[in-house]
Amino acid sequence: MKPTAKIWHNGNMIDWHDAKIHVLSHAISYGSAVFEGVRCYETKTGPKVFRLNEHVRRIFDSAKIYRMDMSAFTPDQIAQAMLDLVRVNELKSCYFRPIALRGYGQLGVNGQGNPIEVYIACWEWGKYLGEDAITQGVDVCISSWNRMAPNTLPALAKSAGNYNNSQLIKMEALANGYSEGIALDVNGYISEGSGENIFVVRDGVIYTPAIATSVLPGITRDSIVKLAQHMGIPLIEGGVPREMLYVADEIFFTGTAVEVTPVRSVDKITIGSGSRGPVTEKLQSKFFGIVNGTEEDIFGWLTAV
Ligand code: PMP
């Protein structure tokens, strides 16, 4: 990670190296933090943040689920802080990590007496699964770990604790020579990757696991749903059985980090022709066209810095 000059903390710009918390902060022991990952893209007309308001809304939603009192902050203030950071750090493009955590004070399971600390960092970041992944696709496996059961750790909240499950999925996949693992939900239906949503294409129809199958409601996922609708490609949200992946024509991941990345094999079974398929390519091309500013921002997804 390449440090930038400033990190935003509770309304102030502080030096990157001063953004430290006490080891007895509640979030360290109990995982009581909610966060976001957001991208800012370089365009001919300056840096633009992708779906800024949706990301800000999701961190407030995640906090609400965990009874974290965010009343000291407003969504507009958080959004503005992110725009300010790009300017202050003189970045053309970046990845943001806004995080709200229960800080230092008492130490017990109930952290409601501890202060809420909000930090926003940003730095330059490239392609998550490597530069070739976007065109060549990645090799993945079904994880031996399931995603969280409903009514255990809420999947709709992007909370730090959920990423213990993600880490198990990711580390196992890497240990076995895959780029990523796909978890099933507790009923055996496809849920999502350790840090991305999944889409399957068969006979020109796109399928994606429903919100009720322990998935994070991805903002890139929502963007693909809207793009498919706009482009007249039928899309069904529902239960996706594991074996549907093996007989798919195409599979792709979506996420702020992976953007739109094709999957070329699952459990060493080749998907379709073993390279990026035509539906994936069409959606990728539209997606990258919009975020890079070479196509019209028809949905108003970009916010200028
Ligand atoms: N699922 C998980 C578990 C994730 O961590 C992410 C990344 N935030 C996603 C899906 C994709 O969400 P988004 O498109 O909003 O980045």
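## Tour of the interface between domain 1 and domain 2

Between domain 1 and domain 2 the count is 2 salt bridges. Keep in mind throughout that this is a predicted model.

**Select the salt bridge.** Pick Asp222 and Arg51 and display their side chains. These two residues form a salt bridge, with 2.7 Å between the closest N and O atoms.

**Widen to the polar contacts.** Now show polar contacts across the boundary. There are 10 residue pairs in polar contact between domain 1 and domain 2, counting pairs with both residues at pLDDT 80 or more.

**Select the domain 1 side by element.** Colour strand 3 (33–35), strand 4 (38–41) and helix 2 (52–65): these are the elements that give two or more residues to the side of domain 1 that touches domain 2. Helix 2 supplies the largest share of that side, 5 residues. Recolour the side by residue class, and it divides into 9 nonpolar, 5 polar and 5 charged residues.

**Select both faces.** Next, add the partner residues. In total, 19 residues of domain 1 are in contact with 21 residues of domain 2. The two domains bury about 1,700 Å² between them, and 61% of this area is on carbon and sulfur atoms.

**Zoom out to the whole chain.** Colour residues 6–123 as domain 1 and residues 133–291 as domain 2, following the domain assignment of the protein chain. Place a marker at the centre of each domain, taken over C-alpha atoms; the two centres are 26 Å apart.

Terms used: Residues are numbered from 1 along each chain as its sequence is written. This is a predicted model: local features need pLDDT of at least 70, side-chain atom pairs count only at pLDDT 80 or more; totals for chains, interfaces and linings use all residues. Side-chain values use heavy atoms; hydrogens and water are left out. Domain bounds come from an automatic or database domain assignment. Contact means heavy atoms within 4.5 Å. Buried area is the accessible area (1.4 Å probe) that two parts lose on being put together, summed over both. A salt bridge is a side-chain nitrogen of Lys or Arg within 4 Å of a carboxyl oxygen of Asp or Glu. A polar contact is a pair of N or O atoms within 3.5 Å; within protein, one must be able to donate a hydrogen and the other to accept it, and residues adjacent in sequence count only if both atoms are side-chain atoms. Helices (H or I, at least four residues) and strands (E, at least two) are DSSP runs, numbered from the N terminus. Ala, Val, Leu, Ile, Met, Phe, Trp, Tyr, Cys and Pro count as nonpolar, Asp, Glu, Lys and Arg as charged, and the others, Gly among them, as polar.
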